[in-house]
Amino acid sequence: MYVSHLQLADYRSYESVNLELEPGISTFVGPNGQGKTNLVEAIGYVASLGSHRVATDTPLVRKGAERAVVRAAITKDGQRAVIELEINPGKANRARLNRAPVTRPREVLGFLRTVLFAPEDLALVKGDPGERRRFLDELLVARAPRFSGVRSDYDRVLKQRNALLKSASAQFFKRREPDLATLDVWNDHLATAGAELLSARLELVAELQPLAAKSYSELTTSGGPPVLQYRSSAAPDESDLPADRARLADLLREALAEVRAQELQRGVSLVGPHRDDLVLSLDDLPAKGYASQGESWSCALALRLAGFELLRSDGDDPVLILDDVFAELDAERRRRLAEHVRHAEQVLVSAAVAEDIPGELRGARFRVQEGAVERE
Amino acid sequence: MYEGAVQNLIDELGRLPGVGPKSAQRLAFHLLAAETADVKRLVNALVEVKERVRFCAICGNVAEESECRICRDARRDAAVICVVEESKDVVAIERTREFRGRYHVLGGAISPIEGVGPDDLRIKELMTRLSDGQVTELILATDPNLEGEATATYLARLVKPMGLKVTRLASGLPVGGDLEYADEVTLGRAFEGRRSLEF
Ligand SMILES: Nc1ncnc2c1ncn2[C@@H]1O[C@H](COP(=O)(O)OP(=O)(O)OP(=O)(O)O)[C@@H](O)[C@H]1O
Ligand SMILES: [Mg+2]
Ligand SMILES: [Zn+2]
């Protein structure tokens, strides 16, 4: 698949931009702060209904404007789909598919798939567990949009359960009998929704492992290959995690029973996929806290590349976006990364300095300057 | 901000569910421009609904007497009770003409976020109704969203020792939706295909 047309209105720094794109490689070059990342962020938004930089939609709307509109035409196997998203911070966003409004924006997920490499990716290795959970869940949604529903069901259960625990813990501290009649019900729902997410993540990690190891060894000879280990808050030992979803639900239920007293004291849910982590190690040492800067980068890139290979193996190439990543890499890894990605159906590359882009990635060139994008 | 009475009206309208500040303002100015007789009719309807309408002493449905029309109807099967969240769900199910039993209106669903627990719903009243042994089947027709499901699970567990047949409306209903918005055909078929709840 590839993005054949992109139109933005009041998105970030863009008042209005209209862009024809082609399959193959396109590069976007311009000085700092001119809107390169804004442009590729918008494409990523069409694929995931979220930004890779911010958690809320407010910063996506141009200062002073009320709403932003992103419209993208996606060509896949000769078929064209037009997705239009209206971003209304604080209100419900709206989506259209081929001009017809859809009930929920979620329905347009799956038309465009992207893999985005960004400077922020270093956080996959060095950041909090939340970064790695997000990596896994976004990949799940990209592979099967239904996981967007699984995810939001789980989040809803969690919110309800936390609200109950919070009020119960408030009563507890006032030495009143906490009202826990419904806690078991929420445990059940958390276990069911959590097991669905957990089993999908476990399967995903197993599929990613060989791909990440291979990508890493293609990028660098230093350290590695990375080992991916899913660490569940419900089982200290990874090998204790059953593959079967019903048994995972039982495991979550048991683990919830064990932490009950602590949960009542602290007023939050302490067990479930929202507390899990994906532990990355290089040469038997955790990457976080041990790996060198260069190794951490290679590890993060290897994870993204593994995601790309996985999506590709499902059928068609996702759109590859490389935002400003070459500046972070030495010449050898630049070349190797370029070699790895240049045959994808569509590759969008951004850099502040044209010389940072390896020669392997020559293609259509766009100049980005002061909110305008010009084909050279 | 507008002067006293107008702002007062906007504030009051803005408190209604689904009415934001902009709609409240639009409604207020619509009322200001309307004929006095029309506004009087609206006022009377509001006052009357508060004076005349009560909640059925048995099932909690809206009623004009102490018991609602359905509870007074001797032809309705007293052995089956259908539990719903709101009175409007009774109306929706009645439209399907599939159900000949009686209702129990909870007045909402369990939702800790909104501070609604079992004690805030008409669950004690339901247990009293079930205690005389006349009822043999309980249909849990709470909304097909998380809070509705949680309420159904809670009730199913609660009544389990009574040995009743407990069923839940079959899916086919749009998940995450409100029962009242389901069309007749969908809702009717969901009734046909209701399933047992095992706990
Ligand atoms: N909501 C917004 N309204 C107006 N301007 C915005 C908004 N959000 C971001 N910007 C502006 O967009 C610019 C940043 O654009 P972007 O991140 O795309 O830069 P870039 O070209 O990728 O730069 P770099 O090379 O430094 O990565 C900043 O100047 C910022 O002030
Ligand atoms: Mg940038
Ligand atoms: Zn009644």
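**Notebook: chains A and B**

**A three-stranded sheet**

I started at L282(A), whose bridge partner in β11(A) is L285(A). A note on what I am looking at: this is a predicted model, where local features need pLDDT of at least 70, side-chain atom pairs count only at pLDDT 80 or more, and totals for chains, interfaces and linings use all residues. Residues are numbered from 1 along each chain as its sequence is written, while chains are lettered from A and ligands numbered from 1 in the order in which they are written.

Back to the strands. β10 (residues 277–282) and β11 of chain A run antiparallel and are joined by two bridges. By strand and helix I mean DSSP runs numbered from the N terminus: E for strands, at least two residues, and H or I for helices, at least four. Two strands count as paired if DSSP finds at least two bridges between them.

I then traced the whole sheet, which is open, antiparallel and three strands in size, in the order β9-β10-β11 of chain A. Its edge strands, β9 (226–231) and β11 (285–286) of chain A, each pair on one side only. I found α5(A) packed on this sheet, where the helix touches β9 and β10 of chain A and makes about 165 degrees with the direction of β9(A). Contact here means C-beta atoms, placed from the backbone, within 7 Å. The angles run from 0 to 180 degrees between N-to-C directions, with axes fitted to C-alpha atoms, for helices over the stretch in contact.

**The six-stranded sheet**

Next I looked at another open antiparallel sheet in chain A, with six strands ordered β2-β1-β4-β5-β6-β7. Which strands stand at the edges? They are β2 (14–20) and β7 (100–101) of chain A; each has a single partner strand, so one side of each has no neighbour in the sheet.

Inside the sheet, I counted nine bridges between the antiparallel strands β4 (68–76) and β5 (79–87) of chain A. One bridge pair there is A68(A) with I87(A) of β5(A). I also saw helix α1 (residues 36–48) of chain A lying across β1 (2–11), β2, β4 and β5, at about 110 degrees to β1(A).

**Odd phi values**

R12(A) caught my eye with a phi near 50 degrees, positive although the residue is not glycine. I placed R12(A) in the loop between β1 and β2 of chain A. Is R12(A) buried or exposed? It is buried, because 20 other C-beta atoms lie within 10 Å. The cut-offs I use: buried is 20 or more other C-beta atoms within 10 Å of a residue's own, exposed is 12 or fewer, and partly exposed is in between, with C-beta atoms placed from the backbone.

N98(A), also not a glycine, has a positive phi near 50 degrees as well. I found N98(A) in the loop between β6 (94–97) and β7 of chain A. This one is exposed, since N98(A) has 12 other C-beta atoms within 10 Å.

A further positive phi, near 45 degrees, belongs to E370(A) in the hairpin of β14(A) and β15(A), which has two residues between its strands. Those strands, β14 (364–369) and β15 (372–375) of chain A, pair antiparallel over four bridges. Across the hairpin I noted V368(A) opposite V373(A).

**The core**

The largest nonpolar core has 142 residues, and L252(A), C299(A), I321(A) and V83(B) touch the most other members. Such a core is a set of buried Ala, Val, Leu, Ile, Met, Phe, Trp, Tyr and Cys residues joined through C-beta atoms within 7 Å.

I checked the neighbours of L252(A) beyond four places in sequence; among them are L190(A), A191(A), V271(A) and G272(A).

**Over to chain B**

I noted eight helices and seven strands in chain B. Of its 199 residues, 31% are buried. I looked closer at C82(B), in strand β3 (residues 80–84) of chain B. C82(B) counts as buried because 23 other C-beta atoms lie within 10 Å. Leaving out residues up to four places away in sequence, C82(B) touches I93(B), F99(B), G101(B), Y103(B), I139(B) and A141(B).

**Ligand 1**

Which residues come nearest to ligand 1? Of the 16 around it, these are S13(A), N32(A), K36(A), T37(A) and N38(A). To be counted, a residue needs its C-beta atom, placed from the backbone, within 6 Å of the molecule.

Conventions. Contact = placed C-beta atoms within 7 Å.
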